[in-house]
Amino acid sequence: MFRKRWHDMATRTLAIKQSANVKEAVYDPDSQTLTVKLNGGTYSYSGVSEDKAVAFEQADSAGGFLHSQIKGQHEYSKVN
C-alpha cells in the first residue's frame with residue numbers, strides 16, 4: 001500500500017510520533033535517502049529502504065529507532 005503512494009512522490013515528510021530529539025524527517029524513495037532534523041543539526045542517511053522508513057515513521061520512539069536501526073548501519077552526511 002505505501003509503495004504505490006510513495007512511488008508517486010519525490011519526497012515525503014514522515015509523520016513521526018513526538019520526539020525530544022527528532023524534530024522532522026523526510027524520505028525520498030527514489031534515492032532511498034532519509035533526512036532527519038535533530039536538535040543538533042540535520043543529517044542525511046543513504047541506502048534506507050522504504051520498509052525501514054515506514055518502520056521509522058511508525059516506531060513508538062523515533063529517537064530509539066534512529067539510534068538502533070539507522071545510525072551505524074547507513075552512511076550519512078551532515079546537512080547543516
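The exercises below, each with a worked solution, concern a predicted model of a protein chain.

**Exercise 1.** Work out which pattern the protein chain follows when it is read along the sequence.

*Solution.* Begin by listing the elements, which are three helices and five strands. Then place them in order along the sequence, and the pattern α-β-β-β-β-α-α-β appears.

**Exercise 2.** Find the buried residues of helix H3, and explain why they lie on the same side of H3.

*Solution.* First, take residues 62-70, which form H3, and pick out the buried ones, namely Ala 62, Phe 65, Leu 66 and Ile 70. These residues cover an arc of only 100° around the axis, which puts them on the same side of H3. A general rule helps here: an α-helix has 3.6 residues a turn, so residues three or four places apart point the same way. Next, ask what this buried set packs against, and the structure shows strand E2 (22-28), strand E3 (33-38), strand E4 (41-46) and helix H2 (50-58). Finally, look past the end of H3, where Gly 72 follows with a positive phi, near 85°.

**Exercise 3.** Decide whether Ser 61 is buried, partly exposed or exposed, and describe where it is found.

*Solution.* Start with the location, for Ser 61 sits in the loop between H2 and H3. Its relative accessibility is 41%, and because partly exposed means between 20% and 50%, Ser 61 counts as partly exposed. Then turn to its side chain, of which a polar atom lies 3.0 Å from the backbone nitrogen of Gly 64. Last, compare sequence with space: Ser 61 and Ile 16 are 45 residues apart in sequence, while their C-alpha atoms are 8.7 Å apart.

Note on methods. Residues are numbered from 1 along each chain as its sequence is written. This is a predicted model: local features need pLDDT of at least 70, side-chain atom pairs count only at pLDDT 80 or more; totals for chains, interfaces and linings use all residues. Side-chain values use heavy atoms; hydrogens and water are left out. Buried means under 20% relative accessible area, exposed over 50%, partly exposed in between (1.4 Å probe, protein chains only). Helices (H or I, at least four residues) and strands (E, at least two) are DSSP runs, numbered from the N terminus. The arc is that of the directions from the helix axis to the C-beta atoms. Contact means heavy atoms within 4.5 Å. A polar contact is a pair of N or O atoms within 3.5 Å; within protein, one must be able to donate a hydrogen and the other to accept it, and residues adjacent in sequence count only if both atoms are side-chain atoms.
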